[in-house]
Amino acid sequence: MFYRPEDGHGLPHNPFNAIVTPRPIGWISSRSADGVNNLAPYSFFNAVAYTPPQVMFASTSAKPDQDGTKDSVANIEATGVFCVNVVSYALRDAMNASSGALPKDVDEFAHAGLTAVECETIACARVAEAPAALECRLTRIVTLPGEANKVVFGEVTGVHMRDECLKDGAFDVTTFQPLARLGYRDYSVVRDLFPLTRPDD
């Protein structure tokens with residue numbers, strides 16, 4: 001099968017999301033200028049640089065109570081900071097609960113039954129139950145073609161890791177089993193690892 005996106009795919013569901021998988025989930029916490037905590041998952045998320053460490057996430061829709069975007073982007077535009085929380089398998093239901101299009105004055109930490117703790121280097125909350133969290137300062141927001149497509153880039157200024165996830169000096173993802181987004185409404189969990197030796201090692 002071949003199709004041009006502008007012509008449509010003719011399938012019951014869009015296959016694009018299922019082709020670009022698995023995708024890590026950036027569980028983005030932010031705070032409004034009025035002090036309201038926000039938490040939302042984004043599967044268009046990744047790390048983009050080592051030195052200094054940098055990450056990105058993309059927001060691709062808008063809410064009626066925000067001006068052409070979603071709460072996360074609006075908050076980050078206003079405050080210049082955000083935090084990326086890692087989603088473990090154990091937190092899958094809380095992550096899903098925080099994904100709803102709730103009014104901008106609703107605190108998703110409370111809605112999802114999560115503990116909000118203050119970050120160390122930025123004025124923002126993070127998820128206490130998360131196995132790791134990356135405190136970030138905004139570097140730029142890039143507007144992409146499309147109605148509400150924005151990519152947020154940030155430099156990591158602080159890193160939290162739960163002690164039980166550190167094994168022999170390495171951050172062991174099998175201790176918490178990170179969640180990954182697939183296509184449609186499907187997710188996967190990382191449980192099995194295997195090493196590959198690179199040609200230059």
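A salt bridge, as I use the term today, is a side-chain nitrogen of Lys or Arg within 4 Å of a carboxyl oxygen of Asp or Glu. Please keep in mind throughout that what we are looking at is a predicted model.

With that in hand, let me begin with the charged pairs, of which the structure holds 4 that qualify as salt bridges. In one of them, Arg 31 is paired with Glu 118, and their closest N and O atoms are 2.9 Å apart. Arg 31 belongs to strand S2 (residues 26-31) and Glu 118 to strand S7 (residues 116-118), so this pair ties together parts of the chain that are 87 residues apart in sequence. As for their surroundings, Arg 31 counts as buried because its relative accessibility is 17%, whereas Glu 118, at 41%, counts as partly exposed.

Another salt bridge joins Lys 63 to Asp 65, with 3.0 Å between the closest N and O atoms; here Lys 63 is buried, at a relative accessible area of 9%, while Asp 65 is partly exposed, at 28%. Arg 162 and Glu 164 also form a salt bridge, their closest N and O atoms being 2.7 Å apart, and in this case Arg 162 is partly exposed at 33%, as is Glu 164 at 45%. Through shared partners, salt bridges also join Lys 63, Asp 65 and Asp 71 into one network.

Turning to the interior, which residues touch the most other members of the largest nonpolar core? They are Trp 27, Leu 114 and Val 127, in a core of 15 residues. Helix H3 (92-97) and strand S8 (125-127) are the elements that give two or more residues to this core. Leu 114, if we leave aside its neighbours within four places in sequence, is in contact with Trp 27, Leu 39, Leu 91, Ala 94, Phe 109, Val 127 and Glu 129. Apart from this core lies another, of 13 residues, including Ile 28, Val 73, Ile 76 and Cys 136.

On the surface, Val 159, Met 161, Leu 166 and Phe 171 make a nonpolar patch of about 330 Å². Of these, Met 161 is found in strand S10 (residues 150-161) and is partly exposed, with a relative accessible area of 40%.

Finally, a word on the sheet in which 3 strands are arranged in the order S1-S13-S14, open and with antiparallel pairing. Its edge strands are S1 (23-24) and S14 (187-189), each of which pairs on one side only. Strand S13 (residues 179-181) pairs with S14 over 3 bridges, and Ser 188 in S14 is the bridge partner of Ala 180.

Terms used
Residues numbered from 1 in each chain as written. Predicted model: local features only at pLDDT ≥ 70, side-chain atom pairs only at ≥ 80, totals over all residues. Heavy atoms only, no water. Pairing = 2+ DSSP bridges. Helix = DSSP H or I, 4+ residues; strand = E, 2+ residues; numbered from the N terminus. Patch = residues over 30% accessible without salt bridge, like charges linked within 9 Å, V, L, I, M, F, W, Y side chains within 5 Å. Areas by Shrake-Rupley, 256 points an atom, 1.4 Å probe, with all protein chains shown as cover. Buried < 20%, exposed > 50% of the residue type's maximum accessible area, 1.4 Å probe, protein only. Core = buried A, V, L, I, M, F, W, Y, C linked by side-chain atoms within 4.5 Å. Contact = heavy atoms within 4.5 Å.
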